[in-house]
Structures are given as structure tokens and as C-alpha cells.
Number of protein chains: 2
Amino acid sequence: MSIETVSTARAFGGTQGVYRHASAATGTDMTFSVFVPDHPAGARLPVVWYLSGLTCTHANVTEKGEYRRACAEHGLILVAPDTSPRGEGVPDDPDGAYDFGLGAGFYVDATKAPFDRHYRMWSYVTEELPALIGEQFPADMDRQSIMGHSMGGHGALTIGLRHPDRFRAVSAFAPIVAPSQVPWGQKALAGYLGDDRAAWRRHDAVALIEDGARVPELLVDQGEADNFLAEQLKPDLLAQACEAAGIDLTLCMQPGYDHSYYFISTFMADHLDWHAARLK
Amino acid sequence: MSIETVSTARAFGGTQGVYRHASAATGTDMTFSVFVPDHPAGARLPVVWYLSGLTCTHANVTEKGEYRRACAEHGLILVAPDTSPRGEGVPDDPDGAYDFGLGAGFYVDATKAPFDRHYRMWSYVTEELPALIGEQFPADMDRQSIMGHSMGGHGALTIGLRHPDRFRAVSAFAPIVAPSQVPWGQKALAGYLGDDRAAWRRHDAVALIEDGARVPELLVDQGEADNFLAEQLKPDLLAQACEAAGIDLTLCMQPGYDHSYYFISTFMADHLDWHAARLK
């Protein structure tokens, strides 16, 4: 596997890079960012995965996420993938909506045409990109954790719940916790997976917990002034599922905070501190 | 004076706002951002001015500057103005170059047509906007400091040197220290001020120091991998002028760092700590 370096810049005593490679999973070029703190020669550092939300690329969190200081302090690599395949021949939402297609891969492997050819973000994020990171970066793949925002919070929760032995910490900012029960998720799961409700349940954090998936603990921050809270996010559904399953959920409701990177950046260091404690 | 609120968001225990007003100085609408940490009712907080570089608006530092954590910790308001007038009827560089006209006001009051009508950023930043901030925000205008990046570092140094009683701290990231001696500055000063070299000297930090302007100390961070270092920035000229004038310059050369917000954000907290110590 080979990667192309799009850019690197020194930041917070480390290197913030952006890279591109030809993905076998999606059949497209994919771009991602990696922050690597300075480290002793030969050292391998824990890896935090950050999955982004609707409309985002790697660039949003890379520019606005304010993660580098904490990653440098704790010696953590942070990887930020794109949110969908892109490029010529990749189908988009028929109406060009922001919540499906480009920028809205929902971290599933699509089974429904025409999306099944390129929209394979589950395989990309759980298999292909981790292999590339382990090969090309000084990453200790035995110490990984995962976090995400909104649609990426959905991705972090579902991927974390289905890989309890891989991720030592799972957290989210304003996640979609039950896509089967909200408009964003219903549109995406129907569009990518069709009517197979069993397949939907494997991409729904609340349903996964109801069906027996377990992690010891979860951390979620949620802004109380988030415009999407009541209709799309519904953290109470996650709280109920965790309560019934005995999962130790720390759900921090943050008065006044919205759905933006102003919210994410405010609580990023808290999440990275929490991850670091579990990755050491 | 009245202002329009473009947006506000809660961040780091404060409010990040973006505002617009009709400027008498520039004869245009002007947009700026202000971060106000939470504070006791009736309290007035010190104000840090951040002046941006070529091509920027208020948005670059607001999104990428990573200043809010330190401002909240220290109880500092941060104001980020735009870098030029904008809008219908505002003349731009005849060739559309990035280093003159829109996004490149150079913090001078132009005297040369057609720029003399709107390009009055010196008056805007030193008079009109401070009056607005003092009136509309919980700002203690007896405790101000100023910083900036590149062209904005030039602005911070020249404004600071010409107002030693107003600003308790003056610092810069990769500033243009001697515009009369470098291509960016020569183009801008000639374009806005014409051939009046005495007017140029009042907008050149090194010349101001040579001509007797004094502040007790300055802080400058400069990346050694900055593409503009040798041709446009020349911090050695500032070091020589400060040495001769007895100004205590702390010039931090940062190996590997470039001219971007990856560099600025890395050292932003250092600068804000330094400002806070002088504003308390």
C-alpha cells in the first residue's frame, strides 16, 4: 500500500499531515489527516480515530477541532478520515441533499445500487485504513480508541460496540445514537441498505446494545442548544439502553452549546484526556 | 453606534460572536469577531486585539486560532477585525493580486486615489472599532493589548509603537517588521500612500523605532520554515532596531514551523499568557 503526502505542517511539537491513497474498499482516492506527536525513534504511539459528521471532510476537525495540544501532551496519534467516497462516478443524493451521498457515508457498506459500488465506508474505516495506518505511521495498533461527531459519533459508537476488543475507549460529541428511529438515519440506512431491518440494527448503537453488544463505558457530550437534539440525536435513547445493559455511560449535557466545532473544540481536550487514561 | 449580530456560539465557557456594522471610517459595512468569557455581572475585562494577515477575514483566526481556552482562563476579550474594506464600490488590486486591495489593507489610511475613499484601516482599527467595543461589550478599555500575524503583525507593531500608553503588551507572529524594505510592503505603501516616504516611515515598525518610538518590550514568534522569512519578514531587522533602541525584544525562532495557522495556534497560548501577565 502506498500513500501520497498532500501536505505536512509542524504543529504543537508534532506533524500534522494530510495524505491521499487509492482505496480498494471504496474504489476511489481517499484523503485523510494524521497528527503524529514527536516521539523517540522506534516508539509506537496509541491511535485515536476521529470520525466526522455530515458534510465534513478530514479538514473540518483538522482545522477547527483543537486536538493537537492534548494529543501532543499525551503522545497520541489522531487519524481523521473523510466521510464518504468522492470523485468521478461516485453517485450523490439524487436531489443533492446534504444528508445522503457525498459527505454522508454513514459508516456503512452499502448493499443497494447504485451506492454499493463505492459507499463502503465501514470496510474502509474498520479494515483498509487501519492497515494503512499501522504500516505507514508509528502507530501501536494494540492501543486504539475511537470518537466522532454527529454522524461520526454514530460511526464511533457502532464501530466501538462491534469491536470491543480493539478500542479501549469510545466517545462521541452529539452523536446520532439511534439512526433507525430518526430522519437522518432512516433516510441513510434505507438508501444504503434497503429494507433489511436486521442490517439496520447492526448500524444502530441503541439497537446493537439491545441486541447484546457491550463495552464497559461510554462518554458523550451533548449541547443543550443543539438544533438537532430533539429530532435527530435523542441521547436519552442511548441512556436508556445503557442503563438496561449495565454500560457505564457518562452523558454530559452542556447548557448553551450548539452542534458546531465551537462545541466540539471546547470539550475535545476532556475527551482526549479520558481516552489517554485508557490507552496508557 | 449600532451593530448587527451575525452569529453567536457558546465556546470554552464564553461567547464567540460575529458582528457587522456600518463603518464611518471605511464607508462600508465591516465584520469582526469578539470572544467574551463569562464574567460577573458588571465586570469589565481586558481586551486583546488580534490583527490578521493577507487574504484573511475575522474568520481565519476565529476558526483556527485556538485562542478561546487561554482567553477564558485569563478572562480576556479577544477582538478580530477584518483586514480591509469590502463590498460594492471598493477598489481591488488592478490585477486581482492577493497582496493589495481586498484582504490587504495594511492598517493604513490610504491617501492615494482610488484607495483613499475606503481603505482607512488605521482609523478603523485605532479609533472607530475601539469606541464601538468600549460601548457595546464589557471591555475595560484601560487594559488593552495587541497582537497580529504577518501583515497583521505589522499592524500590531506599528499601532503598538505609536500608542505606547494604550497597549500594555504588543506581540506578533511572523510579522512584516520593515515594510519599506520588502516587496509586500513596498507595493502596499506605494499603492496606498504614494511616494511620500515620511508617511511610509510612520507605518514601518523598524523605521518607527529608528525615529524614536518606544515600547518597553516586544514578543515575536517566527517559524524557521516560513516561506516568507527571508524575503518579506526579516526579523533580524527588528532585532537590530530593538537592540539599538534598548527595547527588550523576545524573538523566538521556531524550527520547522511555517507561516500558517498551524504555527500561530501552537504559540497562541504562550502569547496570551504573556499578554495576560501584563494586563492584570
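Which residue forms a salt bridge with Lys187(A), the closest N and O atoms being 2.7 Å apart? The partner is Asp99(A), where a salt bridge is taken as a side-chain nitrogen of Lys or Arg within 4 Å of a carboxyl oxygen of Asp or Glu. The pair links distant parts of the chain, with Lys187(A) in helix H5 of chain A and Asp99(A) in the loop between E5 and H3 of chain A, 88 residues apart; helices (H or I, at least four residues) and strands (E, at least two) are DSSP runs numbered from the N terminus.

This is a predicted model, in which local features need pLDDT of at least 70 and side-chain atom pairs count only at pLDDT 80 or more, while totals for chains, interfaces and linings use all residues. Residues are numbered from 1 along each chain as its sequence is written, chains are lettered from A and ligands numbered from 1 in the order in which they are written, and side-chain values use heavy atoms, with hydrogens and water left out.

## Salt bridges

Over all chains the structure holds 22 salt bridges. Side chains of opposite charge can pair when their charged atoms come close. Lys187(A) also pairs with Asp93(A), and Asp93(A), Asp99(A) and Lys187(A) are thereby linked in a network of salt bridges. Asp93(A) lies in the loop between E5 and H3 of chain A and Lys187(A) in helix H5 (residues 183–193), so this pair ties together parts that are 94 residues apart in sequence. Asp93(A) is buried, with a relative accessible area of 6%, and Asp99(A) is buried at 11%, whereas Lys187(A) is partly exposed at 32%; buried means under 20% relative accessible area, exposed over 50%, and partly exposed in between (1.4 Å probe, protein chains only).

| Salt bridge | Closest N and O atoms |
|---|---|
| Asp93(A) and Lys187(A) | 3.1 Å |
| Lys187(A) and Asp99(A) | 2.7 Å |
| Asp38(B) and Arg10(B) | 2.5 Å |
| Glu66(A) and Arg68(B) | 3.6 Å |

In chain B, Asp38(B) sits in the loop between strand E3 (29–37) and strand E4 (45–51), and Arg10(B) in strand E1 (residues 4–11), so their salt bridge ties together parts that are 28 residues apart in sequence. Asp38(B) is partly exposed, with a relative accessible area of 46%, and Arg10(B) is partly exposed at 22%.

## Interface of the two chains

In the interface, 21 residues of chain B are in contact with 21 residues of chain A, contact meaning heavy atoms within 4.5 Å. The two chains bury about 1900 Å² between them, 52% of it on carbon and sulfur atoms; buried area is the accessible area (1.4 Å probe) that two parts lose on being put together, summed over both. Arg10(B), Glu66(B) and Tyr262(B) supply 35% of the area that chain B buries against chain A, more than any other three residues. Two salt bridges cross this interface, and Glu66(A) with Arg68(B) forms a salt bridge between the chains.

## Residues within chain B

Leu129(B), in helix H3 of chain B, is buried at 0% relative accessibility. Leaving aside neighbours within four places in sequence, Leu129(B) is in contact with residues including His21(B), Phe32(B) and Trp49(B). His149(B), in strand E6 (residues 139–149) of chain B, is buried as well, with a relative accessible area of 5%, and its contacts beyond four places in sequence include Tyr50(B), Phe173(B) and His259(B). Arg120(B), by contrast, is partly exposed at 29% and is placed in the loop between strand E5 (77–81) and H3 of chain B. The C-alpha atoms of Arg120(B) and Gly27(B), 93 residues apart along the chain, are separated by 9.0 Å.

## Backbone features

Most residues other than glycine have a negative phi, and most peptide bonds are trans. Cis peptide bonds, with omega about 0°, join Ala113(A) to Pro114(A) and Ala113(B) to Pro114(B). Phe12(A), in the loop between strand E1 (4–11) and strand E2 (14–22) of chain A, has a positive phi near 50° and is buried, with a relative accessible area of 9%. Ser150(A), in the loop between strand E6 (139–149) and helix H4 (151–162) of chain A, has a positive phi of about 60° and is buried at 3%.
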